[in-house]
Amino acid sequence: MGRLISIASGKGGTGKTTTAANLSIALGKMGYKVCAVDADLTMANLSLVMGIDDAYTTIHDVLAGKASITDSIYATAYENVHLIPAAIDWEHVIRADPRKLPDTIRELKSQFDYVIIDSPAGLQMDAMNAMLSGEEVLLVTNPEISCITDTMKVGIVLKKAGLAILGFVLNRYGRSENDIPPDVAEEVMEVPLLAVIPEDPAVREATLEGVPVVEYKPDSEGARAYMELAQRIAKIAGFKARVMGS
């Protein structure tokens, strides 16, 4: 059975979607069968980051009872990685029932080694439905005290809800001399620091090109940091993959 991992944060703009995309592709490069799910039902961006912008069937159709979860799974250009996209128009948004997300996404456990769930930020109802679709949580924050404390609060709520907090990613570190240092961030968060993703121009370039940095510039500092994150995630709990095709 696969692992369901929600990518969560206390604020928007921390790099959750970038983390979800790069982590998914990095795990795919390691031989794991991965499905990335865009569970941000109102601000969908994962599809664009992963190069699928013309999907006919989306998670919104599934949540509206118009399609099965299998109908919404698309192969991507990246080895071993599939995607369940979200719609970007308001008509689909108002028809979808976000309360169905947890049961819907759990159907994927038997099909994939990892299901990476890109969730909205904060603790609103749509965000909670998305985050509670996972069984484990990876928190993403920027090195600013307000962002760190808000993300810490999200982690506390999800832990009380029964999810396992894997740890957190300190994203875009080094863009300011006022950045909170990693050791201080870890002390505030009170969960393990799994990766420090540096402020790297290659990440921005990759985003503009619509290709995650682990594929766009695999030797860049940002790409190496995401690969190390994937290795740490895979090591946690001693998970062993069903390598695709084996």
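The paragraphs below walk through a predicted model, beginning with its sheet and ending with a few side chains.

The sheet is open and has 8 strands, which follow one another in the order E3-E4-E2-E5-E1-E6-E7-E8 with mixed pairing. Strand E3 (74-75) and strand E8 (193-198) stand at the edges, and because each has a single partner strand, one side of each is left without a neighbour in the sheet. Strands of a sheet pair through backbone hydrogen bonds, and they may do so in a parallel or an antiparallel way.

Strand E1 (residues 3-8) is a good place to look at such pairing in detail, since the order of the sheet puts E1 between E5 and E6. With E5, strand E1 runs parallel and is joined by 5 bridges; here Ile5 has Ile116 as its bridge partner, while Ser6 stands opposite Ile117. With E6, strand E1 again pairs in the parallel sense, over 4 bridges, and on this side Ala8 stands opposite Leu139.

In a regular strand the side chains alternate between the two faces of the sheet. In E1, Arg3, Ile5 and Ile7 lie on one side and Leu4, Ser6 and Ala8 on the other, and all of these residues are buried, which leaves both faces of the strand covered. Because 6 of the 6 residues of E1 are buried, the strand is largely enclosed by the rest of the structure.

Helices also lie across parts of this sheet. Helix H7 (residues 145-160) lies across E1, strand E6 (136-141) and strand E7 (164-173), and runs at about 170 degrees to E6. Helix H8 (residues 182-189), in turn, lies across E6, E7 and E8, and runs at about 145 degrees to E7.

Turning to side chains, the count of aromatic pairs comes to 1. The ring centres of Tyr32 and Tyr114 are 5.2 Å apart and the ring planes stand at 90 degrees, so this pair is edge-to-face. The pair links distant parts of the chain, 82 residues apart, with Tyr32 in the loop between helix H1 (16-29) and strand E2 (34-38) and Tyr114 in strand E5 (residues 114-118). Tyr32 counts as buried because its relative accessibility is 10%, and Tyr114 counts as buried at 0%.

Two further contacts complete the picture. The charged end of Lys33 sits over the ring of Phe112, at 5.2 Å from the centre of that ring. Asn80, found in the loop between E3 and strand E4 (81-84), is buried with a relative accessible area of 11%, and a polar atom of the Asn80 side chain lies 2.9 Å from the backbone oxygen of Gly28.

Terms used:
Residues numbered from 1 in each chain as written. Predicted model: local features only at pLDDT ≥ 70, side-chain atom pairs only at ≥ 80, totals over all residues. Heavy atoms only, no water. Phe/Tyr/Trp six-rings, centres within 6.5 Å; stacked < 30°, edge-to-face > 60°. Helix = DSSP H or I, 4+ residues; strand = E, 2+ residues; numbered from the N terminus. Buried < 20%, exposed > 50% of the residue type's maximum accessible area, 1.4 Å probe, protein only. Lys NZ or Arg CZ within 6 Å of the ring centre and 35° of its normal. Pairing = 2+ DSSP bridges. Contact = heavy atoms within 4.5 Å. Axes fitted to C-alpha atoms, helices over the stretch in contact; angles between N-to-C directions. Polar contact = N/O pair within 3.5 Å; in protein donor to acceptor, adjacent residues only side chain to side chain.
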